[in-house]
Amino acid sequence: MELTVLASGSKGNCTYLRGERGALLIDAGLSARETLRRLRAAGAEASLVEAILVTHEHIDHIRGVDVLARRLGVPVYATGGTLEAFSRKCTTTSAEVRLCRCGEQFVVGDFSIEPFATSHDAREPCGFSIAEGDLRIGCCTDTGTVTTTIFDRLASCDAVLLESNHCPDMLENGPYPAYLKSRIRSKRGHLSNPDAARCLQRLADHIHMAMLAHVSEINNTPEKVLLSALEGLGFYSDQVGVTVAPQDPGAVHPESYGFRL
């Protein structure tokens, strides 16, 4: 499997996961036009996409879902709470939507997919554990804490896409108002660098690769994310490949796009 991050952060989130014969999109927080442009720029094939998986209903994750699903002719999978919130925002959608439930596997093409509950201020947010053959990738962004369920799902994976949103010191001393800082720090907010590093430390003898995502452009830097992750991995830092997903991968080197298993 090959994972390609097309966008990651508050301006939009979208990940392309290609298997042996088909592909999935996880979230579509860019416009449909921009998503298709970035797919072409990354050398990814939109024609292979078999479904769009949606983690939650915040606009930076669903902006292009409706148009993109109709243009590609693929279904949209999300939890009941997310679908209800999505339908209120896209009242005239004709996209095909399908319900998925946390803890229940479903199949799309050659992919076996299991949603799992995350902890975020949305209706029914989730991450996804996605397997094809003997390989499994876990995607978990937009969560304020790593629950036992989240850890157990990620520990069964060969590679993970994991949030590392903010540096606590930068957030505390940054320009955001107090209420927003409190929201981000909360257990239904976003994962900090130290929290992500502790998660990686526990995952170190399970996974081979990790990409850290949803990095704040105001309250974090890629350098801080990487340093924190490597410190967390400790002796395993030379055994687990770690990269940081930028907001716009087109602005950086191609190797920052993602990873291949």
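A cavity is, on a 1 Å grid over the protein atoms alone, a set of points where a 1.4 Å probe fits but cannot get out, and its lining residues have an atom within 4 Å of a point. Grid points are joined across faces, edges and corners, and a volume is the space filled by probe spheres set on the points.

The structure above is a predicted model, where local features need pLDDT of at least 70, side-chain atom pairs count only at pLDDT 80 or more, and totals for chains, interfaces and linings use all residues. Residues are numbered from 1 along each chain as its sequence is written, and side-chain values use heavy atoms, with hydrogens and water left out.

**Exercise 1. Describe the largest cavity and its lining.**

Step 1. Start with the count: there is one cavity of 30 Å³ or more.

Step 2. Add the volume, which is about 120 Å³ for the largest cavity.

Step 3. Look at the lining: it has 15 residues, and Asn13, Thr15, Asp27, Thr141 and Leu161 are the closest to the centre.

Step 4. Find the elements, using DSSP runs numbered from the N terminus (helices: H or I, at least four residues; strands: E, at least two). Two or more lining residues come from each of β1 (2–7), β2 (14–18) and β10.

Step 5. Sort by class, where Ala, Val, Leu, Ile, Met, Phe, Trp, Tyr, Cys and Pro count as nonpolar, Asp, Glu, Lys and Arg as charged, and the others, Gly among them, as polar. The lining has eight nonpolar, six polar and one charged residues.

**Exercise 2. Count the disulfides and check cysteine 14 and cysteine 102.**

Step 1. Apply the rule that a disulfide is a pair of cysteine sulfur atoms within 2.5 Å. The count is zero.

Step 2. For cysteine 14, the nearest cysteine sulfur belongs to cysteine 139 and is 11 Å away.

Step 3. For cysteine 102, the nearest one is that of cysteine 126, at 5.2 Å.

Step 4. Compare accessibility: buried means under 20% relative accessible area, exposed over 50%, partly exposed in between (1.4 Å probe, protein chains only). Cysteine 14 is buried at 1%, while cysteine 102, at 30%, is partly exposed.

**Exercise 3. Place aspartate 142 and histidine 214, and give their phi values.**

Step 1. Aspartate 142 is not a glycine, yet its phi is positive, about 60 degrees. This aspartate sits in the loop between β10 (135–140) and α5 (148–155) and is buried, with a relative accessible area of 2%.

Step 2. Histidine 214 also has a positive phi, near 55 degrees. Its loop runs between β12 (209–213) and α9 (222–233), and histidine 214 is buried at 4%.

Methods
1 Å grid on protein atoms, 1.4 Å probe; cavity = no way out; pocket = protein on both sides within 12 Å on 5 of 7 lines; lining within 4 Å.
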